[in-house]
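Please open the model in your viewer and keep the sequence beside it, so that each selection below can be followed in turn.

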Amino acid sequence: MTAERDADQQLVDRVLSGDKRAFELLVLKYQRKLMRLVLYFVKDHAEAEDVVQETFIKAYRALTKFRGDSAFYTWLYRIGVNTSKNYLMSQSRRAPTSTETSSQDAEIFDDAGGLRESTTPESVLASKQLAETVNNAMNALPEELRVAIALREIEGLSYDEIAELMNCPIGTVRSRIFRAREAIANKIRPLIGTSLDTRW
């Protein structure tokens, strides 16, 4: 992780020294991860692409303010989250509460929960229902819980990184993720037949 952070810092230093090609390398490295994050807020793919582009433009313009206290991608993600929120507010829309589940969402949640079964028609239907229930439960969470659980379970960030990105104490992050997991668990327990004392 430190090597990657150092590599990013070297690219940032090159950009600040006038090497615009170095910023293109940062864009290539993080555009897919950033797109995945932005799509969590902005469900429309074309609109999300615009938000990602705007995020990179903002990051480029603000690069002189990047001090290296955090990892570059943590700093970039923070800009991405804020740009997504600003976009939704400018569109006079609340965070999306779509009930649609894409196959990518279903795959993410299946992988995360280790819930993949043999592919009988019943298991495929059960997996789709489970993925849709998880997706709906996540979309129904308050924003701070939804962002925390997405950064942890989908993006794989550490608690420290999430605390830095969300600008709150690590204890708050742990609490938000715990509450998010409990809320999601309460929705999926009836589908998988686990008891209330099952830990997640």
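How many aromatic pairs does the structure hold? The structure holds 8 aromatic pairs, where rings of Phe, Tyr and Trp (its six-membered ring) pair if their centres lie within 6.5 Å, and planes under 30 degrees apart count as stacked, over 60 as edge-to-face and the rest as tilted.

Before selecting any of them, note that this is a predicted model, in which local features need pLDDT of at least 70 and side-chain atom pairs count only at pLDDT 80 or more, while totals for chains, interfaces and linings use all residues. Residues are numbered from 1 along each chain as its sequence is written, and side-chain values use heavy atoms, with hydrogens and water left out.

Select Phe23 and Tyr60, which form an edge-to-face pair with 5.0 Å centre to centre and 70° between the planes. This pair links distant parts of the chain, with Phe23 in helix 2 and Tyr60 in helix 3, 37 residues apart; helices (H or I, at least four residues) are DSSP runs, numbered from the N terminus. Phe23 counts as buried at 8% relative accessibility, whereas Tyr60, at 35%, counts as partly exposed (buried means under 20% relative accessible area, exposed over 50%, partly exposed in between, with a 1.4 Å probe and protein chains only).

Next, select Phe66 and Trp75, a tilted pair with 5.1 Å centre to centre and 50° between the planes. Phe66 is buried at 8% relative accessibility, and Trp75 is buried at 11%. Adding Tyr30, Phe72, Tyr73 and Tyr77 to these two shows one aromatic cluster.

Tyr30 also leads to the next stop, being one of the helix 2 residues that meet helix 1, together with Phe23 and Leu26, while the helix 1 side includes Leu11, Val12 and Val15 (contact means heavy atoms within 4.5 Å).

Now select Asn167, in the loop between helix 8 (159-166) and helix 9 (170-192). Asn167 has a positive phi of about 55° although it is not a glycine, and at 69% relative accessibility it counts as exposed.

Finally, colour the model by pLDDT, the predictor's confidence in each residue, from 0 to 100. The mean pLDDT of the protein chain is 79, and 77% of its residues reach 70 or more. Among the elements, helix 3 (residues 45-61) has the highest mean, 94, and helix 5 (residues 103-113) the lowest, 40. Over residues 94-118, pLDDT stays under 50. Where pLDDT is low, the predicted coordinates should not be read in detail.
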